Amino acid sequence: METPEALLARLELKVVRPLDGLLFGDYRGVFYGKSLELAEISPYAPGDEAERIDWPATARTGELHVRRFREERELTLWLLLDGSPSMRFGSRRREKYTLALELALSVAYIALRHGNRVGAILPSGLLPPRGGKAQALLLAREALKGGKALSLGEALGLLERVARRRSLVFVFSDFLDTFSAPFSRLAARHDLVGVLVEDPLERALPRAGVLSFVDPETGAQVEVNTLDPRVREAYRLRAEALRAARMREILKAGADLLVASTEMDLLPLLLGFVERRRRWPSKAPRASS
């Protein structure tokens, strides 16, 4: 297993520096969105967006009022790394958890290089937001340590409680657990990105004879004859339906969606994501892979 230092050095060389250079200083509006804080509540003026209407102030005064914001100079990035047993699956170069960790560290490292703060919800516990390169190393150490992970719903609930100021939030998960309610609440308060981490074997069975499958969440075992085309087609249809349902839930919440698979390379995956953020700067739900 790589040491935290070796992992960060590899990601800095192969992902962080090339990606940072390709952004040409445009990382704030493209990669991290806008971090806004409330500046004032004032009377409505022609051209103000309806979504900014402050209904309590409007009710008190009898006149339409809107919330006006200012951009914060310092951005806060929160990362939630799902450590549930299903994330330990991987049929290609890496486990889903390993891919999620490498993506999370790459995103965090760029944020920290530009003077921002990064906090995280990890299987080992809560990592409060701090700046500096030492935070990247601590993040790597804690994420590699593992631990008794919370369920996805519990981890999202914890993030709700600790992320009080508007932030950019990345949730790295296969989203196989219940998540809709706390995820939607986070999307209403933050610039939220759901990173759906998957593996090719979860979408289609190979022709490999009789295989024994174990549910990592429950330990239940089942044998499957992968030579039977009816079995493979039923598996594919079911997997596609479940995948589509998870993607709909993420987008329905108003979050951004990035689909990442274990056979993908990090740099083109992240570059495609930031290029899409550049083309669609609004917070309208969108997806990429």
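Threonine 178 counts as exposed, because its relative accessibility is 66%, above the 50% mark used for that label. In this predicted model, threonine 178 sits in the loop that runs between strand 6 and helix 7. The C-alpha atom of threonine 178 lies 7.1 Å from that of leucine 152, although the two residues are 26 positions apart in sequence.

The loop between strand 6 and helix 7 also holds phenylalanine 175, and here the picture is a contrasting one. Phenylalanine 175 has a relative accessibility of 2% and therefore counts as buried. The backbone of phenylalanine 175 deserves a look as well: its phi is near 55 degrees, a positive value in a residue that is not glycine. Most residues other than glycine have a negative phi.

Leucine 152 leads on to helix 6, which spans residues 152-162. Leu152 belongs to the buried residues of helix 6, together with Ala155, Leu156, Gly157, Leu158, Leu159 and Glu160. These buried residues pack against strand 3 (76-81), strand 4 (117-122), strand 6 (168-173) and helix 7.

The packing of helix 6 on helix 7 can be described in more detail. Helix 7 covers residues 180-189, and its axis lies 9 Å from that of helix 6, at an angle of about 30 degrees. Because angles under 35 degrees fall into the roughly parallel class, helix 6 is roughly parallel to helix 7. The crossing of helix 6 past helix 7 is left-handed. On the helix 6 side, the contact is made by Gly153, Leu156, Gly157, Leu159 and Glu160, while helix 7 supplies Pro182, Phe183, Arg185, Leu186 and Arg189. By character, the residues of this contact between helix 6 and helix 7 comprise 5 nonpolar, 2 polar and 3 charged. Leu156, Gly157, Leu159 and Glu160 of this contact are also among the buried residues of helix 6.

A second helix pair is formed by helix 4 (residues 96-113) and helix 5 (residues 133-145), whose axes come within 9 Å and cross at roughly 170 degrees. Helix 4 and helix 5 are therefore roughly antiparallel to each other, since angles over 145 degrees are classed in that way. From helix 4, the residues Tyr97, Leu101, Leu105, Ala108, Tyr109 and Leu112 meet Lys133, Gln135, Ala136, Leu139, Ala140, Ala143 and Leu144 of helix 5. The residues of the contact between helix 4 and helix 5 divide into 11 nonpolar, 1 polar and 1 charged.

Farther along the chain, leucine 270 is part of helix 9 (residues 266-279). With a relative accessibility of 2%, leucine 270 counts as buried. Setting aside residues up to four places away in sequence, leucine 270 touches Val15, Leu19, Leu103, Ser106 and Val107. Between leucine 270 and alanine 260, which are 10 residues apart along the chain, the C-alpha separation is 9.4 Å.

Turning to the protein chain as a whole, there are 9 helices and 11 strands. Of its 289 residues, 46% are buried. When contacts between residues at least 6 apart in sequence are considered, 68% join residues at least 24 apart. The accessible surface of the protein chain amounts to about 14,400 Å², and carbon and sulfur atoms account for 55% of that area.

Notes. Residues numbered from 1 in each chain as written. Predicted model: local features only at pLDDT ≥ 70, side-chain atom pairs only at ≥ 80, totals over all residues. Heavy atoms only, no water. Axes fitted to C-alpha atoms, helices over the stretch in contact; angles between N-to-C directions. Helix = DSSP H or I, 4+ residues; strand = E, 2+ residues; numbered from the N terminus. Parallel < 35°, antiparallel > 145°, perpendicular 65-115°, else oblique. Left-handed = near helix turned anticlockwise from the far one by under 90°. Contact = heavy atoms within 4.5 Å. Nonpolar A, V, L, I, M, F, W, Y, C, P; charged D, E, K, R; others polar. Buried < 20%, exposed > 50% of the residue type's maximum accessible area, 1.4 Å probe, protein only. Areas by Shrake-Rupley, 256 points an atom, 1.4 Å probe, with all protein chains shown as cover.
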